[in-house]
Amino acid sequence: MISSGKIITNEIDASELSFEDFKAIVINDYKIAVESRQASLLGRKEVLTGKAKFGIFGDGKEVPQLAMAKVFKNGDWRSGYYRDQTFAFATGISTLKEFFAQLYANPDVNADPASAGRQMNSHFSTRSLNEDGTWKNLTEVKNSSADISTTGGQMARLVGLAYASKLFKQNKELDYLKNFSVNGNEVAFGTIGNGSTSEGVFFEAFNAAGVLQVPMAISVWDDGYGISVPAKYQTTKEDISEILKGFQREEGTNGYEIFKVKGWDYPALCETYLKAIEICRNEHVPVLIHVTEVTQPQGHSTSGSHERYKSKERLEWEREHDCIVKMREWMIESAIATKEELDELEETAKKHVKEVQKEAWNEFLDSIKQEQAEVVRMINNLANGDPGISKIAAQLASMHDALRKEVVSAARKAIRQSVDKPTAEREVLINWYQGKTEFFTELYNSKLFTEGLESPFKVNHVAAQYSEDGKMLDGREILNACFDANFARDARLLAFGEDLGAIGDVNQGFAGLQAKYGELRVSDAGIREATIVGQGIGLAMRGLRPIAEIQYLDYLLYAINVLSDDLATLSYRTKAGQKAPLIIRSRGHRLEGIWHSGSPMGMILGSLRGMHICVPRNMTQAAGMYNTLFRSDEPALVIECLNGYRLKEKLPENVGEFTVPLGKAEIIKEGTDITVVSYGSTLRLVEEAAEELTAFGISLEVIDVQTLLPFDLDHACAKSLQKTNKLLIVDEDVPGGASAFILKNILEDQKGYYLLDGKPQTLAAKAHRPPYGSDGDYFSKPSVDDIIEVAYAMMNEGNPERYPKLY
């Protein structure tokens, strides 16, 4: 059927259809399958001829994906992987032309709305956001969360996408969110290859959904291999549904409904999906559809041939059991179509796909060809008889299908080679290149964050207000009051994590809030960090405002792949087409023990670009950051100080309203001799050291950066160096971790290098994690003594007479 230029499938309802209507639906389905197969075959050729960089396709899985598409409705969500092209075509999530545009990495978001050329082919997503970053009505469209390449990585977020339906159904306070759900009737569809079910995140997500009892439907495309590795090395009993039988629900118990069906049996597939999704949607019971005897005609990808690892017998079996071949045989046997009719349909489909591919390729090259011609002309004008520069122009002009990199590289080379010829023509070329820089940045480097109307940088700054008789409370009570005020204000807020619900988290930040707001909003979670984060991502993508707690910062390691591959890249890889305003709450820094006092900030800074990293020095500052984040729509990690929960702080009167701006460093002690930059728990040690140093006549200016991403947007550190000319960075990470990041920002980005009169110093922890006990902390991480003596040595270097050596 034609819908908005997209050929989509229709559900089969035998009770209402005439045979002619039934025939029309089946023939239309066959057409989708054949066109999808031709796209796979042609796509592979485009890679092998050099037009595309790499290709991965869904051939062999066309028929089961048609069946799945029939029961996928408006408002539903997909969290799949890179084999789902037929499903994307059949649901209208993508088109053939968009498929090829993505294959060619077309950076025009209108050509490739899924990723604007930022992801390789078959990585699908729908655009959930308007250009200003506000939400569209997600109940009126079929939704696909943005794919990632990591095998099994899609499973974590799938849990949250499904869990959102449960919350929308059971929490009536959310009824006003009409753009996100219709009474929680949406199903979250997940797809995965049989090999990837060996990943730990698959089992973690599978178990989580069984515990939560959410409308999640997992389809396993089982072709017997994981790339070249056969199932006997992948799965116990070589059968994923067989080993998951213990999850099958029984009377009076929670669990799954598990189905098994052959991937080439069109009628059985349609019947199975209809039955499975009816249970899933109506009863909110997770289902597994294990689709067996699937083939992969072209092998895993364009990087190699499957003839290398499949036997002749297996290859012959795959040819005979190809789902399109089997569907064709069934259609002829059932008098749905004749051989001649299908021959004609296949030939027409082949021509159509080729025409679409050419159109997509020409559209990709059009804008580049204009730039190519323009640059060739400018370089020729610049050459003025110079053979070397003329050669650059000739080489560029001879490239039939030049990419943008060749065009820009030629311009830059011509500018370099004419450095000793300052002419007007050279200035024209320079102006072209510099004028295009912003354009190229927009195409390839933009939208690490959504940057919409609800950006945290657009949240009004509200100062904390205190009364003279304000209460002095434990830090944990400040946080508790902040969470309480915000949960009362915004019904979208919810929090979950290990020990968060009944006991209010191990440090009591949520004490009493489950009793007040109910288990749907403040809940415990199993020990499963990856799917705690994934649960948060899926909920946030569906319009809710989750806080996912990772109990200790060291445990972030168990979820870092989900955070890095999925959450941190979401805005970038969709060019702000999707967002997930998830807040990860954790705690770390000082205290003792290898697994409970970590500050792995270098790891975090390197892997979580695309998230805000907040490192408050106390719970009041943490509350202000939460208040900012609750009113904005970008993901963040907030690291609370593990040793600060029972330290006394004054309660702000507006504890749920005041905001701490992101990226604003704060001078917490003014000084004249050394600028000391730090964050988190270490700041208390720096302040203590500063007091003792005054006895030596040494004045420290102490700066709390507050957030590492973004870092000191107003350049407070460099401004401080203008008067001190000395820099010390104190950090709890390993040497060269966060301290190197801070140093780079101050010396390079803020040009602090030119303000120094001596070598900048970093004082970090030892290269290992801290051993257990207070002595372990003292000898592993920067102490007050360390800070005093490093600062003193810096003064000794400049004035040894006034500050004689200590040792």
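This is a chat between a visitor and a guide about a predicted model of one protein chain.

Visitor: What should I know about the model before I look around?
Guide: The model is predicted, with local features needing pLDDT of at least 70 and side-chain atom pairs counting only at pLDDT 80 or more, while totals for chains, interfaces and linings use all residues. Residues are numbered from 1 along each chain as its sequence is written, and side-chain values use heavy atoms, with hydrogens and water left out.

Visitor: How many helices and strands are there in the chain?
Guide: The chain holds 26 helices and 24 strands, where helices (H or I, at least four residues) and strands (E, at least two) are DSSP runs numbered from the N terminus.

Visitor: And what about its overall dimensions?
Guide: Along the principal axes, the C-alpha atoms fill a box of roughly 100 × 85 × 50 Å. The radius of gyration of the chain is 30 Å, which agrees with the value near 28 Å for a compact globule of 807 residues; that radius is taken over C-alpha atoms, and the globule rule is 2.2 Å times the number of residues to the power 0.38.

Visitor: What share of the residues is buried?
Guide: Of the 807 residues, 60% count as buried, meaning under 20% relative accessible area, whereas exposed means over 50% and partly exposed lies in between (1.4 Å probe, protein chains only). The accessible surface comes to about 32400 Å², and 51% of it belongs to carbon and sulfur atoms, with areas computed by the Shrake-Rupley method with a 1.4 Å probe and, for residues, only the protein chains shown counting as cover.

Visitor: Which contacts join residues far apart in sequence, and what is their share?
Guide: Among contacts between residues at least 6 apart in sequence, 79% join residues at least 24 apart, a contact being heavy atoms within 4.5 Å.

Visitor: Is there a helix worth a look for burial?
Guide: Helix H2, residues 62-70, has 9 of its 9 residues buried, so H2 is largely enclosed by the rest of the structure. Its buried residues include Glu62, Gln65 and Lys70, along with Leu66 and Met68.

Visitor: Switching topic, what does UniProt place on this chain?
Guide: An unreviewed UniProt entry places a "coiled-coil region" at residues 335-362, and the annotation "domain: Transketolase-like pyrimidine-binding", also from an unreviewed entry, covers residues 473-647. UniProt positions are given in the numbering used here, feature names are shortened, and annotations may be inferred rather than shown by experiment.

Visitor: What does the model have in those two stretches?
Guide: Over residues 335-362 the chain is 86% helix and 0% strand, with the end C-alpha atoms 41 Å apart. Over residues 473-647 the chain is 37% helix and 17% strand, and there the end C-alpha atoms are 8 Å apart.

Visitor: Which backbone angles should I look at?
Guide: Most residues other than glycine have a negative phi, and most peptide bonds are trans. Histidine 284, however, has a positive phi near 55°; this histidine is in the loop between helix H8 (266-283) and strand E10 (287-292), and counts as buried because its relative accessibility is 7%. Glutamate 293 also has a positive phi, about 55°, and is found in the loop between E10 and helix H9 (312-320), but at 28% relative accessibility glutamate 293 counts as partly exposed.

Visitor: Where is a cis peptide bond?
Guide: A cis peptide bond joins leucine 709 and proline 710, with omega at about 0°, and proline 710 is in the loop between strand E22 (707-709) and helix H23 (716-724).

Visitor: Is alanine 765 buried or exposed?
Guide: Alanine 765 counts as buried because its relative accessibility is 6%, although it is found in a loop, between strand E24 (761-763) and helix H25 (774-780). Its C-alpha atom is 5.0 Å from that of glutamate 732, 33 residues away along the chain. Leaving out residues up to four places away in sequence, alanine 765 touches several residues, among them Asp731, Val734, Pro735 and Lys781.

Visitor: And what does serine 94 touch?
Guide: Serine 94 touches Ala88, Phe89, Phe99 and Phe124, not counting residues up to four places away in sequence. This serine lies in the loop between helix H3 (85-91) and helix H4 (96-103), and at 6% relative accessibility serine 94 counts as buried.
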